[in-house]
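Welcome, and please open your viewer. We will go through this structure stop by stop, with something to select at each one.

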There are 2 protein chains.
Amino acid sequence: MTFFRSRWVEPPDGIEELDPARLAPGFAAGAVACGIKESGKTDAAVVVATSERCDSALLLTPNAAAAAPIRVCRDKCDPARIRAAAVKSGNANAATGEQGMRDAIDIQSEAARALGLDPATVAVAATGKIGEALPMDNVLDGVRRASSAVRPDGGEEFATAIMTTDAFPKRCTVRCDGVTLSAQAKGAGMIQPGFATMLCFVQTDALVENPEAALRRAVEASFERITVDGQMSTNDTVLLQASGESGLPLPDGLLDAVLLQLALAIVADGEGATRVGCARVSAAADEDEAERAARAIANSPLVKTALFGRDPNWGRIAQAAGMGLVGTELPELGLDQIDAGEFASESSEVELTLGLGRGEAAAHVWFSDLGYEYVRINAEYTT
Amino acid sequence: MTFFRSRWVEPPDGIEELDPARLAPGFAAGAVACGIKESGKTDAAVVVATSERCDSALLLTPNAAAAAPIRVCRDKCDPARIRAAAVKSGNANAATGEQGMRDAIDIQSEAARALGLDPATVAVAATGKIGEALPMDNVLDGVRRASSAVRPDGGEEFATAIMTTDAFPKRCTVRCDGVTLSAQAKGAGMIQPGFATMLCFVQTDALVENPEAALRRAVEASFERITVDGQMSTNDTVLLQASGESGLPLPDGLLDAVLLQLALAIVADGEGATRVGCARVSAAADEDEAERAARAIANSPLVKTALFGRDPNWGRIAQAAGMGLVGTELPELGLDQIDAGEFASESSEVELTLGLGRGEAAAHVWFSDLGYEYVRINAEYTT
């Protein structure tokens, strides 16, 4: 297994990893370079269902300053019957005003035309610089060419084309109980310097009865439980497409395991990150309390620098939890309740635990450490 | 003027700066070294009203994991008639369990005995390492000696004794319209590595009718509008004492100007900080919206590293504001609404502005930048 590598992921029994270039049956993808990225790397990509049927679910960032492609997905797509996604990288088409909205609509139309689809079944997504106009002639040409270039083994090039500052591609194709599932994600922070966002595309030939419920549950346990810098992107997008061609249901835990491993890969690839921590809060009065404490710990720069510095600094954990729970009163926390011993190890995946001693509820959040490299990446990048 | 140095502070007309060693009439302070700080520097301090009358107000951290001295102040003090405060630095007496509570009560009793006061009129405060037991014999001896050492010109030594990792003392004595006001603060972050907290003590001979209202208003416009690392301390304490000896009211804006200058000094002394930013949000639908956007911007590590890197990165400001306002929808933000131009200057105090274009409400928050030094201080400190 090369994809499933985290201690926190338990893939279902009998799972098999396949070549990630090969998409799930019933899907094709393609990518080209159209000149958005100055490096000349691929930056326009399309994934499309070639199967007769395609059920889908689409989850979008709740950021109040959402980018134009997000607004187009929200206003002009039918999330339950998305057949294709047109993605560009290097420019987020965010904070681009009315022109950005027109451009996003034009990209949707162009992809729909090139693929012979109803525009309402074509999602658009973008990641990259904020506040810059798109080179639209290039982009439309790229969308056309990527649409003609789609092929069943285009998964690897699709995964590469959606990268921005990612250090490594994040993708897999897995098979389990007669079902194939392929997925591609990008992200190295909730938001990157100018290069924003977490994107994820999942294709399967399983028959998924309620794609939205399945996707929401898997996302809640994966992408919504990670933090690099606590910053929510303007462009986050997750798309699940299911062709149903296998005639079989999604094996229990398969989607969850794949999304969790992808989410942990994003944390591990966080800006300047050297290791991944997991803040586990237990014995809370209720879930909300557990959640607030875990998030406060995971987003504390003091805890994150302690993780970087291999320092089992439990005082900072007590302080952050107390801050997350303002309005209540905690019993005095001591070493009986907090264990940050793994911080001192050299392991790349470590846990800290905090027991609040007043209930049964629990929550956990994964986070990256905070080191010099984060400052270098973010301070030396200039607009 | 050497105390009032920020562009954002407007002291009342006719204000005069006096020697900060000299407290307001009716007050005395003293400090000694009792061996909490390994450096041997002063670490036990007392301030006391020698006047007949003393009205007071006491504001404490709402952190759910509040330190023992905070709990003692909350449970065993009368906030309206505090005559003295016993402060120690180098050890926060936080996350120290039942023993910590007993110790804090003993310190209160010992100071009350030494000063001949009702224990309910003696506040206790502490700042320093979290999770470590106090060397109580030393501390009680220190409290006794500091209580005997109090003198009217003990302001400077009091201000120095409450410092932990502060790079410079933060104190003043000012005179305006017949009233004298002296104040001492410490802090270099909402919380420091192990060394926690913001403390502030204010003495005046003005006649303050409603000390709590006056203090709350001034604190809301100063200490509650700053952030270094977004981390709330377990020990934050602000005490206002008014002897009324002058028979005159507090001049308008005096307390506000002093606390704001002290708060800005704390931000400027933030861990590794090189400059102070002010995030000003205007044209919001309501105050809550303006506040949420301003805080999201001020606490964004992406905005803070941009401030450090002299990068007027307005895309990050749009993203952070959008994250702060999840649940609403912003119009597309562009350069018309955001101005971060001052980021590119070499000024030590810079502003960014964001107009939301949908109302009249405004809010602002001051924040430090985030640079390599923050990581060094916090990652290399080990417990």
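Begin by selecting residues 97–115 and 136–148 of chain B: these are helices α2 and α3, which pack at an angle of about 30° with their axes 9 Å apart. Keep in mind as you look that this is a predicted model. An angle under 35 degrees counts as roughly parallel, and α2(B) and α3(B) are therefore roughly parallel to each other. Turn the pair around and you can follow their crossing, which is right-handed.

Now show the side chains where the two helices meet. On α2(B), pick out B:Asp103, B:Asp106, B:Ile107, B:Glu110, B:Ala111, B:Ala114 and B:Leu115. Facing them on α3(B) are B:Met136, B:Val139, B:Leu140, B:Val143, B:Arg144, B:Ser147 and B:Ser148. If you colour this contact by class, you will find 8 nonpolar, 2 polar and 4 charged residues.

Next, move to the helices with these numbers in chain A. Select α2(A) and α3(A), the latter being residues 136–148: their axes are 9 Å apart and they pack at an angle of about 30°. Are they roughly parallel or roughly antiparallel? The angle makes α2(A) and α3(A) roughly parallel, and α2(A) passes α3(A) in a right-handed crossing. Among the residues meeting here are A:Ile107 and A:Leu115 from α2(A), with A:Val139 and A:Arg144 from α3(A). The contact in chain A divides into 8 nonpolar, 2 polar and 4 charged residues.

With both chains on screen, try superposing them. A turn of 180° and a shift of 0.0 Å along the axis lay chain A on chain B with an RMSD of 0.0 Å. That is the relation of a two-fold axis. To find the axis by eye, select A:Tyr372: of the residues of chain A, this one comes closest to the rotation axis, with its C-alpha at 2.9 Å.

Stay with the pair and look at where the chains touch. Here 54 residues of chain A are in contact with 55 residues of chain B. For the chain A side, select α2 (97–115), α8 (301–308), α9 (314–324) and α10 (372–380), each of which supplies at least two residues. Which of these helices gives the largest share? The answer is α9(A), with 8 residues. Coloured by class, the chain A side of this interface shows 26 nonpolar, 23 polar and 5 charged residues. As for the other side, 100% of the interface residues of chain A are also interface residues in chain B, so the copies meet through the same surface.

For the last stop, hide chain B and colour chain A by domain. Domain 1 covers 16–268 and domain 2 covers 276–380. Their C-alpha centres lie 31 Å apart. Where they touch, domain 1 of chain A brings 9 residues and domain 2 of chain A brings 10. To see the domain 1 side, select β10 (226–227) and α6 (254–268), which each supply at least two residues. Of the elements there, α6(A) gives the most, with 3 residues. This side of domain 1 of chain A is made up of 6 nonpolar, 2 polar and 1 charged residues.

Terms used:
Residues are numbered from 1 along each chain as its sequence is written. Chains are lettered from A and ligands numbered from 1 in the order in which they are written. This is a predicted model: local features need pLDDT of at least 70, side-chain atom pairs count only at pLDDT 80 or more; totals for chains, interfaces and linings use all residues. Domain bounds come from an automatic or database domain assignment. Two residues are in contact if their C-beta atoms, placed from the backbone, lie within 7 Å. Helices (H or I, at least four residues) and strands (E, at least two) are DSSP runs, numbered from the N terminus. Ala, Val, Leu, Ile, Met, Phe, Trp, Tyr, Cys and Pro count as nonpolar, Asp, Glu, Lys and Arg as charged, and the others, Gly among them, as polar. Axes are lines fitted to C-alpha atoms, for helices over the stretch in contact, and angles run from 0 to 180 degrees between N-to-C directions. Angles under 35 degrees count as roughly parallel, over 145 as roughly antiparallel, 65 to 115 as roughly perpendicular and the rest as oblique. A crossing is left-handed if the near helix is turned anticlockwise from the far one by less than a right angle, and right-handed if clockwise. Copies are superposed by least squares on the C-alpha atoms of residues with pLDDT of at least 70 in both.
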